[in-house]
Amino acid sequence: MAACIDTTRRESCQLSRDPNRSQGDDLSRKLAKCCRPSFCDRVSSMSMMPSCQNRGEVASSSASDEALDARGGEDDLWPVMQEEALSDACQEPILCSYYQDSILSHSSLESALANQLSVKLSNSSICSRTLFDLFKGVFDDEPEIMSAVRADLRAVKQRDPACKTYIHCFLNFKGFLAFQSHRVAHKLWSQGRESLAFLLQNRVSEVFGVDIHPGARIGQGILVDHATGVVVGETAVIGNDVSILHNVTLGGTGKVSGDRHPKIGDGVLIGAGTCILGNITIGDGAKIGAGSVVLKDVPARRTAVGNPARLVGGKENPIELEKLPSFTMDQTSHISEYSDYVI
């Protein structure tokens, strides 16, 4: 570990790379073909930074997306992401080396994600190579985690209009990165490696501003939009296909121990600034309006808003949602008339 301390950033990035990955794949050759090495001499002293000039050979984001939809398999997601990276590198030459290091020089999604997380979460006490080996080992050994990673990538791309490509989410969306880090921390927690799990939780909180206890159980197909201020307690459970906005707390009431945190069903939408407190259940397909404080169970396919939260339509005959709110991302349909809210 001492050898990792005071290591420069460039050395850290080099150490985080998978030594077994291929450097001669087709995408790397395409990148070299469409780049002018001499360009970097005018913008940087880094001799390997290229500038791309032939953009016609690179598939567009929309074309890549259509290709993925046509093929439909999980294994096809990584080649599409590589195509997106190549396209972006050719459109923004100053980022060529960044995309090369982050995406194009990796042979698999597992390797690239391990590298991305290790670079983000490393510090002077734990270097990126140590974290890379940890993340890569878990990703290689746990296909269920990688299935969830792919489902999360698709969820963000499909539900967030701000997400233009898969690599946009992969490289820049801290909610996605925080939840993938948690998946590793939760695996370590389940193996009894609590100290290491807590270390990852702490680093994720410091770097991404997202605090998830490693004991929390989280499904797949999760969108965490913006993510800042999200807090998830130890015994919380989040189902599949859930959408969560920023400043959401899934916490305890402070009065009990043991199983004390919320259970979120499949297809739930939780609006920004919401607090859901205690060992309560939010039913499948329910919607929680922004700024709500939820202290009691919410039935499936119903909407709860306010502080304290109340069911839209009343307790006796609450309005039922026809579509899953986590997919529609509709946060205002419960307002039926202008007079229903105050300016």
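How many salt bridges does the structure hold? The answer is eight, and three of the views below each show one of them.

**View 1. The whole chain, as a predicted model.** Welcome to a chain of 343 residues, of which 50% count as buried. Its secondary structure comes to 13 helices and 15 strands. About 16,200 Å² of the chain is exposed, with carbon and sulfur atoms supplying 49% of that area.

**View 2. Phe170 in the largest nonpolar core.** This core has 80 residues, and Phe170 is listed with Leu153, Ile238 and Ile282 as having the most contacts inside it. Look around Phe170 and, beyond its neighbours within four places in sequence, you will find contacts that include Met81, Ile103, Leu109, Leu153 and Phe176.

**View 3. A salt bridge between Arg150 and Glu110.** Here the two side chains meet at 3.8 Å, N to O. The pair links distant parts of the chain, with Arg150 in helix α9 and Glu110 in helix α7, 40 residues apart. Both Arg150 and Glu110 are buried.

**View 4. Asp140 meets Lys136 within one helix.** The N to O distance in this salt bridge is 2.7 Å. Because they are four residues apart in helix α8, about one helical turn separates the partners. Asp140 is partly exposed at 43% relative accessibility, whereas Lys136, at 15%, is buried.

**View 5. Arg260 and Glu234 join two loops.** The closest N and O atoms of this salt bridge are 3.0 Å apart. Arg260 lies in the loop between β7 and β8 and Glu234 in the loop between β4 and β5, so the pair ties together parts 26 residues apart in sequence. Arg260 counts as partly exposed at 22% relative accessibility, and Glu234 counts as partly exposed at 25%.

Technical notes:
Residues are numbered from 1 along each chain as its sequence is written. This is a predicted model: local features need pLDDT of at least 70, side-chain atom pairs count only at pLDDT 80 or more; totals for chains, interfaces and linings use all residues. Side-chain values use heavy atoms; hydrogens and water are left out. A nonpolar core is a set of buried Ala, Val, Leu, Ile, Met, Phe, Trp, Tyr and Cys residues joined through side-chain atoms within 4.5 Å. Buried means under 20% relative accessible area, exposed over 50%, partly exposed in between (1.4 Å probe, protein chains only). Contact means heavy atoms within 4.5 Å. Accessible areas come from the Shrake-Rupley method with a 1.4 Å probe; for residues, only the protein chains shown count as cover. A salt bridge is a side-chain nitrogen of Lys or Arg within 4 Å of a carboxyl oxygen of Asp or Glu.
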